[in-house]
Structures are given as structure tokens and as C-alpha cells.
Amino acid sequence: MTSDMQDTSINSRLQTVSTISGISTAERQFDATGKRQDHEIRCVQRRALLETLANELPSGTIRYSSKVVSIEESSHLKLVHLADGSILKAKVLIGCDGVNSAVAKWLGFRKPAFAGRSAFRGCVYYDHGHSFEPKFLQFFGEGVRYGVIPCDDKTIYWFFTFSSSSKNGEMEESPDKMKQFVLGKLGKIPDNVRAVIEKTELDNFTMSPLRFRPPWEILRGNISKNNVCIAGDALHPMTPDLGQGGCSALEDGIVLARCLGKALRDNQSIKSEEEYKRIEMGLQRYAKERRWRAFELISTAYMVGYMQQSNGKVLTFLRDRVLASFLAGKLLKMASFDCGKLSAS
């Protein structure tokens, strides 16, 4: 990441707490965990990440509000029809168009499935700084899962996931009802954590259903076809229980750039047919390299979320008394992944 990225706090610990008893069930010190012994968690706001990435591109590269309507084949090119009537000619088409990806649909993938849960998210800003330690706090119990994590010395990000139904739909139009719902489900937690939700302005509350791609579709589906592929949420939408959605998209970008760079290197003297084949093979290498990583991320995130948010007596006992450390460790294990260097050499 470039120096344009805003300062972020390095959170050096992960702590899980039962909202039923108010007792800590597990705590991990990142600098003394795992073989690498270099774990850290940084909470970066989406806007800061997008602006940083966008600033690295030449001016005019990005076209906003350009919804894809359809995709047409024209020899070795793909014609991308946009909602405003314009058509883009693509030598390589990479679908990074999110959960409702038109490119994924073109490749044969179905719409991601509803996980049966929804999430509230929000940020709160403290003018004179907050008093939270640099650690990620997670709370589980009574069918909910939530957490707070410092972004920097003045900003706290929080999330709250719960099992949802059609009865919860009316909350989407009422931030005040969202806030009251969350406050009523917090259980036994420290006053300063409760204060984070209370201090959050209503226009900073968002609610969204959690969706994921069934992992067996990743194994069977076409991640790439000819000169088309998908990445990010278009490829592996997952529940947010590992905090790896954005991270895995960056992994995709590195692997994809490496595979395409190798395919397109020294291509000025080759014919278009050979170039097309090189692109196709490069995307196939990318798909092969990312398939099992995507499968594991989706599966693990779903499993961790299901167990952490369970309200059943048996699973609650196992989660709080037996599996708390294991589940906390899963977050670190899945984050400890080396996707290689960007260079194709």
C-alpha cells in the first residue's frame, strides 16, 4: 500500500467475550502467535482503501455509474454494454463487479445465497481521541455476534450480525430502529463498548443481508473462460466472520496481475491469435491458483460465523468453554497466507 493511505492503528490483540456471562473466553497476543509471529490487524475504512487504489491509476481510467447490462462476443474481443448505452471493447474482461456480478452470471454462476443473517455496521468519531486499547474485541451470545476495533486514535469501527427474517425488513428504512435493536441485544458488556453504539450518529448506521457463494460452486464453476474471469466479491462473496473479504480481493489482484503479466510480456511481436491464447492460459493459471483459497475462505467464514452466533445450548457451551481459542485462532490462520510477489519473474 502506498504512503497515501491514512494512518491506521496496529491492533496487537484479539479478545473474545461472552455476552451471556460477560467473561472473556479467549485472548490472543498477535506477536507471540503462530509460526510467523508477525500477525496484526489493521482496520481500514473502505473509502480510504478505494481512494488509495484509485490514486495509483492514470487519470480517466475509472468510469463511475457504469452498470453492465450485457456482454457480447466479437471474435477475440468482449463487447461490454453499459446502462448508458455505451459499449466497451475488452481484450481482457475481469469482473470485479461485486456480489451481484453480471460477469459471474455470464460465466454461469448463480446469485449468491442468503446466509440467514444480516449485519449492522457503523463508525464513530471521537474529537479528542478514544480510550480503547489497540485490540480487536469480539462478543458472542444469545444469537448475535459483534465487535469493535480502532481504525486510528480517533475512530472506532463496529459491526453487529444477527439471524434475520422478513420481520426485520422495516428496520432498513429506520436508522433509529436499527440503533435501538442493537442496543437491546448487547448483553453484558463494558460500558465503553455500549457507548460506542450510543454515540454513533444515525446516518452512520447501515444494514445489509449477508450473502455467500456456496463453496461447491467454486469447485465446479468457471472462474475463467477464454479471456474473461472474475475476482473479489464477484468470485468469492463470503460472510464477514473472518474479516478477509477485502484482503482476499487484494490477493486476487496480485495473483491475477502476475498471471496476466507473464501472459502479455513481450507481446508486441506476436499475432493476435497467439496473444489471445496467452491471455486464456494466464487466466486459467489464475483460476487454478485461487480456486481452493476461495473455497477455504468461504467455507471457514460460514462455519466460524455459524458457531460463534449459535444460540443452541450445546454449541454455546462448546463455543465458550472448548472452542473459543480454536475459533479465535481460525481468524489468524486464514489471514496468514502468502499469495506471492507481484513480479512475474
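These are brief notes on a predicted model, covering the whole chain, one sheet and one helix.

1. Overall make-up. The protein chain has 345 residues, and 45% of them count as buried. Its secondary structure comes to 9 helices and 15 strands.

2. Contacts and surface. Take the contacts in the protein chain with a separation of 6 or more: 70% of them are between residues 24 or more positions apart. The exposed area of the protein chain is about 18,500 Å². Carbon and sulfur atoms supply 52% of that area.

3. An open sheet. Strands 5, 6 and 7 form an open sheet of 3 strands, in the order 5-6-7. The pairing is antiparallel. Strand 5 (68–74) and strand 7 (87–90) are at the edges; each has a single partner strand, so one side of each lacks a neighbour in the sheet. From one strand to the next, the twist averages 25 degrees.

4. The pairing of strands 6 and 7. Strand 6 covers residues 77–82 and runs antiparallel to strand 7. The two are joined by 4 bridges. To check the register, look at His81: its bridge partner in strand 7 is Ile87.

5. Helix 3. This helix spans residues 175–184. Met178, Lys179, Val182 and Leu183 are buried there. Viewed down the axis of helix 3, the buried residues lie within an arc of 125 degrees, so they line one face of the helix.

6. What covers that face. The buried residues of helix 3 are covered by elements including strand 9 (113–125) and strand 12 (155–163). Helix 4 (191–199) and strand 13 (206–212) are also among the covering elements.

Conventions: Residues are numbered from 1 along each chain as its sequence is written. This is a predicted model: local features need pLDDT of at least 70, side-chain atom pairs count only at pLDDT 80 or more; totals for chains, interfaces and linings use all residues. Side-chain values use heavy atoms; hydrogens and water are left out. Two strands pair if DSSP finds at least two bridges between them. Axes are lines fitted to C-alpha atoms, for helices over the stretch in contact, and angles run from 0 to 180 degrees between N-to-C directions. Buried means under 20% relative accessible area, exposed over 50%, partly exposed in between (1.4 Å probe, protein chains only). Contact means heavy atoms within 4.5 Å. Accessible areas come from the Shrake-Rupley method with a 1.4 Å probe; for residues, only the protein chains shown count as cover. The arc is that of the directions from the helix axis to the C-beta atoms.
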